[in-house]
Amino acid sequence: MSNRATAQKKPSKVESLKEKSNFLREPILTELQLDTTHFSEDGIQILKFHGSYQQDNRDNRKKGQEKDYQFMLRTRSPGGFIPPQLYLTLERLSEEYGNHTLRTTTRQGYQIHGILKKDLKTVISNIVKSMGSTLGACGDLNRNVMAPPAPYKNSPEYQLAWEYADKIADLLTPQTGAYYEIWLDGEKAISAEEAPEVKAARQKNGNGTIFTDSVEPIYGTHYMPRKFKCCVTVPGDNSVDIYTHDLSLVVITNKKGELQGFNILAGGGLGRTHRKEQTFARAADEIGFVAKNDVFDLVKAVVATQRDYGDRTDRRHARLKYLINDWGVEKFRNKVEEYFGKKLKPFKKLPQWKYEDYLGWHEQGDGKLFLGISIENGRVKNEGDFQLKNALKKVIEKYELPTRLTPNHNAIIYEIEPQWQEDIEKIFLSHGVEINPDNVNHLTRYAMACPALPTCGLATTESERIIPSILTRIDSLLAKLGMAEETFVIRMTGCPNGCSRPYMAELGFVGDSPNVYQIWLGGCPNQTRLARPYVDKLNIAELETFLEPLLVYFRDSKKKKETFGQFCHRVGFDALRTFANEYQPNEENVMKKTTKKSRGTRNEHRISVNDEWYQKLKTISKNDNKPMSQIVSEALENYFTNK
């Protein structure tokens, strides 16, 4: 086994499965021929490397019957690039074989849900033949390499970020032929030619970074201890949540826009387990600077360090963040430099990071335009008058436009000629799709939620399906407190793995059990600081009771331009708890009103009820898991309907 640090300990079961898989072939190849609806537990682990998770729809579970097995496929799309032919193929496949929706991921790919085992080969082969891939989108190897999605053609830095995201993705792509043997019967699809320097770097043995004469020169027989995540960005652009990756690279250019090299950060990661303190979210550290000609050797050195010293005995302790946390940055840097063969240069000073979502119309810098579309929770669907899926298909098909998926669930359509702008606007608006970011609900715009129930096997409670009602409740509370214009970053997950990155949010909901969430506070709007756990378990029915005192304290004590997360971090949790414990709801606390209504929301009006009815409403709210405002609205609607 390649792991040196744990050579004397018993490796986890997954390490044995990888070793026996014949470089990711078995048991997938054998089990795919069986007339079954699902793969074995061993097969599931290897299937992940091919970009698929086996799931079952828990809404359809019936006692005594087989689970409703289905599969999720995830694309490998460096920098979020989706060529038009690939999007149209994904859209068609989701209709013919999936659940009729697509979902953008927080790593800039697409997911198709609801595929049956018997259709997996057809779907994957169609994706590959349309210039796409699912290889390495999951599993113990490098995942999709992220980059800022903005298609600025007049900015060398952005173009370099795209270029090196592609090259690093190619460098760390599995070299086994298993993917094409299984899903395309050995036919290697036409793809872009790999850069010569990437090919050369993959075979260059810098002080033990590769396995000579191996099918997998970088990964070896056992691949990585756990998933490995990379991103490439430009100074100041934190659309990629730079501190959350195993390895982050920042493009550094001179005044002429010529590439000089890259700043390197390492050791970020968010997955954890409730009430197991040995697992934790962690922000990446600054490691150093590498010259442009050495960047591939440096990437290999970081990968080799984690490959050889990451924990292969305990998968909960296997990410790079734990290695760096255990070793310290200096020891980690020294080991990377051993593989690299030279010292890293000091980290270059950077401007402040800023979160960008690129919604609305923008100029590319070459005379063309791009359009950022807000996609709530990343779900591309048709539902009633809201026909986003049809609108995207019509625009992309008509004008043959590429898209870039963003790290925050949205999509950018680009290469748009100015004379097409009016028609494209009409298409979206006629399909019920809002393209003016000022008209997108101010909380929804900066919120994210993972899919969670009913398909994610790790979910312990709702996320995507419940967050719209959560945001509505928070919006109503803000309006009640005279804070209708206030906005902050809200993220929700159905389990502690953190796929929607809640640990970087200003207000994070982390699923614990049905209707119960751990609450994290204190992140910042630019995603440069980890939040911290504030409440271990909150029943979502008590959201308003919990949140009102915190918002009142924030409203009355914040500094100019201070956001909710910044305020929570500044005053500290002790002060928040003291204020909340002493808080008494009364008219004075809700009298401060803003004169403007919240963007993307309707006017909110407040009514009073006597104490007896208030207590009854509170009880019903808790029992039915509904906000009191919703119960009152439903009762009034019923009253006026039957009047």
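How many Å should the 12 residues of helix α12 span, and how far apart are its end C-alpha atoms? Here are a few notes on this predicted model, beginning with that helix.

1. **Helix α12, its length.** Helix α12 covers residues 388-399. At 1.5 Å a residue, its 12 residues should span 16 Å, and the end C-alpha atoms lie 17 Å apart, so the two values agree.

2. **Helix α12, its buried side.** The buried residues listed for α12 are Leu388, Lys389, Ala391, Leu392, Val395, Ile396 and Tyr399. Because they cover an arc of only 165 degrees around the axis, they sit on the same side of α12. You may like to note that a lysine, Lys389, is among these buried residues. Just after the helix comes Glu400, which takes a positive phi of about 50 degrees.

3. **The five-stranded sheet.** An open sheet of 5 strands follows the order β1-β2-β5-β4-β12, with antiparallel pairing. Its edges are β1 (52-56) and β12 (379-380), each of which pairs on one side only. Inside the sheet, β4 (residues 102-104) and β5 (residues 110-115) are joined antiparallel over 3 bridges. If you want to find this pairing on screen, look for Thr104, whose bridge partner in β5 is Tyr110.

4. **The helix across that sheet.** Helix α4 (residues 84-96) lies across β4, β5 and β12. Its direction is at about 20 degrees to β5.

5. **The four-stranded sheet.** Another open sheet has 4 strands in the order β6-β7-β8-β9, and here the pairing is mixed. The edge strands are β6 (230-233) and β9 (285-291), each pairing on one side only. From one strand to the next, the twist averages 25 degrees. Strands β8 (residues 259-266) and β9 run antiparallel and are joined by 6 bridges. Within β9, Gly288 is the bridge partner of Ile264.

6. **Two helices on the four-stranded sheet.** Helix α9 (residues 295-309) lies across β7 (247-253), β8 and β9, and runs at about 165 degrees to β7. Helix α11 (residues 329-340) also lies across β8 and β9, at about 25 degrees to β9.

7. **What the record says.** In an unreviewed entry, UniProt lists residues 166-344 and 447-583 under "domain: Nitrite/sulphite reductase 4Fe-4S". In the model, the span 447-583 is 34% helix and 20% strand. The end C-alpha atoms of that span lie 28 Å apart.

Definitions and conventions
Residues numbered from 1 in each chain as written. Predicted model: local features only at pLDDT ≥ 70, side-chain atom pairs only at ≥ 80, totals over all residues. Heavy atoms only, no water. UniProt positions renumbered as here; feature names shortened; annotations may be inferred. Pairing = 2+ DSSP bridges. Contact = heavy atoms within 4.5 Å. Axes fitted to C-alpha atoms, helices over the stretch in contact; angles between N-to-C directions. Expected span 1.5 Å × (residues − 1). Buried < 20%, exposed > 50% of the residue type's maximum accessible area, 1.4 Å probe, protein only. Arc of directions from axis to C-beta.
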